[in-house]
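Student: Could you walk me through a structure that is new to me? I would like to learn how to read its features one at a time.

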Amino acid sequence: MLVRVDGPYRVAEVPRQRCPRCADTGLIARAVGHVAVDECPGCHGVFVTTAVLDAIVEDLALYEEVRRGFPAGPTRAEQPGPMYVPCPTCREIMNRRQFAPGAGVVVDVCRAHGMWFDACELPAVVDFIERRGPEAMRAPAPAPAPRPVAAPPSLASALTEPITSRRRDSLAAAVIELLLFWV
Ligand SMILES: [Zn+2]
Ligand SMILES: [Zn+2]
């Protein structure tokens with residue numbers, strides 16, 4: 001059921017989507033312009049699907065919507081509770097990564113479903129993209145440094161195979177590849 005609260009934003013409870021940090025709290029769908037993100041009413045973290053992240057990155061008008069709807073503030077490298085938390089959609093443990101080099105924001109990533117932004121991280125990321133421009137996110141990752149011959153093969157393949165074999169068919173996927181590359 002859609003209800004109207006908190007200014008122009010419509011909200012609706014998302015069935016079965018639980019907050020990764022507050023396990024008992026259901027996420028609430030929240031409109032950001034013409035797209036929707038899933039917010040936790042407890043900790044104000046936000047889950048953004050890959051498609052919606054594409055839309056936000058590419059639409060300047062949505063930057064302002066994000067800033068209007070999600071208050072800015074200091075972001076924290078460490079969050080209370082477990083460091084690694086489950087994807088709200090598939091419950092697989094997400095990876096913690098810098099959003100992009102220089103962004104100064106550590107996000108939790110499910111490669112299949114999207115990114116979790118803790119409170120204040122989404123507006124911080126929007127500010128970063130605005131400063132650097134979406135082109136900075138599309139730039140191909142630099143060539144990897146030569147690896148020692150003695151590097152464990154499993155590590156080398158884990159680092160290179162997902163990047164070279166996956167199609168860069170969406171900007172958010174490219175962003176995820178980029179930040180996976182940089183760890
Ligand atoms: Zn929460
Ligand atoms: Zn997932």
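Tutor: Let's begin with the secondary structure. The protein has 6 helices and 8 strands; helices (H or I, at least four residues) and strands (E, at least two) are DSSP runs, numbered from the N terminus. This is a predicted model, in which local features need pLDDT of at least 70 and side-chain atom pairs count only at pLDDT 80 or more, while totals for chains, interfaces and linings use all residues. Residues are numbered from 1 along each chain as its sequence is written, and chains are lettered from A and ligands numbered from 1 in the order in which they are written.

Student: Which pattern do the helices and strands follow along the sequence?

Tutor: Reading along the sequence, you meet β-β-β-β-β-α-α-β-β-β-α-α-α-α.

Student: How do I tell whether a residue is buried or exposed?

Tutor: Count the other C-beta atoms, placed from the backbone, within 10 Å of its own: 20 or more means buried, 12 or fewer exposed, and anything in between partly exposed. Of the 183 residues here, 30% count as buried. F47, for example, is found in strand 5 and counts as buried because it has 26 C-beta neighbours inside 10 Å. A112 sits in the loop between strand 7 and strand 8, and with 11 such neighbours inside 10 Å it counts as exposed. Q98, in strand 6 (residues 95-98), is partly exposed, with 17 other C-beta atoms within 10 Å.

Student: What is a nonpolar core?

Tutor: In soluble globular proteins, nonpolar side chains tend to be buried together. A nonpolar core is a set of buried Ala, Val, Leu, Ile, Met, Phe, Trp, Tyr and Cys residues joined through C-beta atoms within 7 Å. In this protein the largest one has 31 residues, and those with the most contacts inside it are V46, V48, V107, M115, F117, L122 and V125. At least two of its residues come from each of these elements: strand 3 (26-32), strand 5 (46-49), helix 1 (50-58), strand 7 (106-110), strand 8 (114-117) and helix 3 (121-132).

Student: Which residues does F117 touch?

Tutor: Two residues are in contact if their C-beta atoms, placed from the backbone, lie within 7 Å. Leaving out residues up to four places away in sequence, F117 touches G45, V46, V48, V107, L122 and V125. With the same residues left out, F47 touches L27, V37, D38, P88, G114 and W116.

Student: How do contacts show which distant parts of the chain meet?

Tutor: Look at sequence separation. Among contacts between residues at least 6 apart in sequence, 49% join residues at least 24 apart. You can also compare separation along the chain with distance in space: F47 and L122 are 75 residues apart in sequence and 9.5 Å apart, C-alpha to C-alpha. A112 and T50 are 62 residues apart in sequence, with 8.1 Å between their C-alpha atoms.

Student: Which residues of helix 1 are buried?

Tutor: V52, L53, I56 and V57 are buried in helix 1. They lie on the same side of the helix because they cover an arc of only 135° around the axis; the arc is that of the directions from the helix axis to the C-beta atoms.

Student: How do the axes of helix 2 and helix 3 cross?

Tutor: Axes are lines fitted to C-alpha atoms, for helices over the stretch in contact, and angles run from 0 to 180 degrees between N-to-C directions. The axes of helix 2 (residues 60-69) and helix 3 come within 9 Å and cross at roughly 150°. That makes helix 2 roughly antiparallel to helix 3, a label for angles over 145 degrees. The contact is made by Y63, V66 and R67 of helix 2 with L122, P123, V126 and E130 of helix 3.

Student: What should I know about the phi angle?

Tutor: Most residues other than glycine have a negative phi. R91, in the loop between helix 2 and strand 6, has a positive phi near 70°. R91 counts as exposed, with 12 C-beta neighbours inside 10 Å. C120 also has a positive phi, of about 75°, although it is not a glycine. C120 lies in the loop between strand 8 and helix 3 and is partly exposed, with 19 other C-beta atoms within 10 Å.

Note on methods:
Parallel < 35°, antiparallel > 145°, perpendicular 65-115°, else oblique.
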